[in-house]
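Let's take a look around this protein together. Have the sequence and the 3D view handy as you read.

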Amino acid sequence: MYCLTVENSAQVLDGEAHPNDVEKTAEPEVSSSTEAEDKAKYVSIREELFRKAKEYESKIFNFEQAIRRPYFHVKPLDKPELENWHSYLDFIEKEEDINKVIKLYERCVIACASYSEFWIRYVQCMEDRQSLELANNALARATHVFVKKQTEIHLFSARFKELNGDTDGARAEYQHLHSVLYPGLLEAIVKHANMEHRLGDKESACLVYEKAIAAEKEKEQSQLLPMLLIQYSRFLYMVGDLEKAREISGGLHGLANLTKPVLEAVIFLESIFQSEKRIDLLESLVEKFLTAEQTQGELASLSDKEELSSIYLEFLDTFGDVQSIKKATTRHTILFSRKRSILPSKKRRADDAVMSGRDKMAKTGDGTQPGMGTDPNAHNPAVWPATSEASAQQWGAAYAQQAAYPAYGAYDYSQQMPQSAPQAAAYGAYPPTYPAQAYPQQSYAQPAAMPVAAAVPTPAQAPAPAAAYPQQPAVAAAPQAYYGGAATYY
């Protein structure tokens, strides 16, 4: 801009006429400025732009660095990268420039094209900024190309179209979802019926349920039929048609595949109905569920049965009579309370392993060496050194605390735990002294007659101390020669 101003000023000063400035001769001439001032103004403007760009870059630098895969791939993105996209979009949505927001969303739906949450967020953002054309464009791309087989985007599309007055488009989305894309989708059926009721057409809402129920009854074993009957009965109760609601819920009596959530819903509906309670119907349904044979998952089924039986007992305690309460309580006790009491408990005391180890030590003397006298063939077992009294007290005190743990569970450990053992006899407390082992004393007897030298009186042998090995009793044996090749040593 400043360059053009300078050129125009120079042309005027030089007397050159611009071909398009025929009528501008009467206007006042532009004041001339020096080239240095123009350059200074230009540099100041560019520096301000550069400063703002660097400031903005510093804010988005971390977001850009965390984007590892800016292109589309069928492999799922990592959770940190998905969170980074959400954080980046949170930041950019605060900008007033809608072009920046659109550009970032377009970059996002390239890398995250298979995630319906980002398409939904894109549509909602454009809707909040009053750009319905861009919102419809993004929604059409999502539902027809990129995530066309995901239920979440179709449910959102139906709500979005209903909100913007396109009721026919919303009906088409629901119909396509629960009839073509995912036949028998319960959520789509319920939301479709609720939309018809919001629009003031109760008959159309009931017709949605009835068509779905008729389609499920044609199947041999329908898992969806019980939940459809429950939802339809609940819907009729909410809109005020109590008789038809009770009639629909009574159709569950002939079904074979009853589950715990279904029976919980039946009990709940029966409790909120203002008419007389059908305890006989509930009794037959609960009895069928509790006595059914389970082929797999017995543990989980047993817990589900017990929980349902408790719910039914609570219902009878409020609405039942004495006989029904007695019958249900007896059945609950037989099926669950008695079985639970005879099941082996998996609880174990923390010191059970220690106590069992102590019993083994008491039998063998030590965990590493066999006890004294256990091996009859061992002639020379090792003699253990005496243990100090302080060490014995230290080990005994340590293990005496472990023996004082409180009882845990229903087991009786009194037989395993020594009752009145002295503290010094605890594990690791060796006795100060051990009895000396008996060793055979070697005998070096002189021969009865010596041909060379006369018998010299030998001094009296000093008595052995008490702690020494005791001598064995004399064995009657032939005297051995002390010197010579025939000497034998033991």
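## A serine tucked away

Keep in mind that this is a predicted model. Start with Ser 116, which has a relative accessible area of 4%, so it counts as buried, the cut-off being under 20%. You'll find Ser 116 in helix 5, which covers residues 116–128.

Who does Ser 116 touch? Skipping residues up to four places away in sequence, Ser 116 is in contact with Val 147, Gln 150, Glu 152 and Ile 153.

## Two helices side by side

Now swing over to helix 2 (residues 35–65) and helix 3 (residues 79–92). Their axes come within 9 Å and cross at roughly 160°. That angle makes helix 2 roughly antiparallel to helix 3, and the crossing is left-handed.

On the helix 2 side, the residues that meet helix 3 include Tyr 56, Ile 60 and Phe 63. Among their partners in helix 3 are Tyr 88, Phe 91 and Ile 92. Sort the residues of this contact by type and you get six nonpolar, three polar and two charged.

## The nonpolar cores

The largest nonpolar core has 42 residues, and Tyr 209, Tyr 232 and Tyr 312 touch the most other members. Several elements give two or more residues to this core, including helix 10 (202–217), helix 11 (225–239) and helix 15 (298–319).

Zoom in on Tyr 232: leaving out neighbours within four places in sequence, Tyr 232 is in contact with Cys 206, Tyr 209, Glu 210, Ile 213, Lys 244 and Ile 248. There's also a second, separate core of 34 residues, with Leu 89, Val 109, Tyr 115 and Phe 160 among them.

Definitions and conventions:
Residues are numbered from 1 along each chain as its sequence is written. This is a predicted model: local features need pLDDT of at least 70, side-chain atom pairs count only at pLDDT 80 or more; totals for chains, interfaces and linings use all residues. Side-chain values use heavy atoms; hydrogens and water are left out. A nonpolar core is a set of buried Ala, Val, Leu, Ile, Met, Phe, Trp, Tyr and Cys residues joined through side-chain atoms within 4.5 Å. Buried means under 20% relative accessible area, exposed over 50%, partly exposed in between (1.4 Å probe, protein chains only). Helices (H or I, at least four residues) and strands (E, at least two) are DSSP runs, numbered from the N terminus. Contact means heavy atoms within 4.5 Å. Axes are lines fitted to C-alpha atoms, for helices over the stretch in contact, and angles run from 0 to 180 degrees between N-to-C directions. Angles under 35 degrees count as roughly parallel, over 145 as roughly antiparallel, 65 to 115 as roughly perpendicular and the rest as oblique. A crossing is left-handed if the near helix is turned anticlockwise from the far one by less than a right angle, and right-handed if clockwise. Ala, Val, Leu, Ile, Met, Phe, Trp, Tyr, Cys and Pro count as nonpolar, Asp, Glu, Lys and Arg as charged, and the others, Gly among them, as polar.
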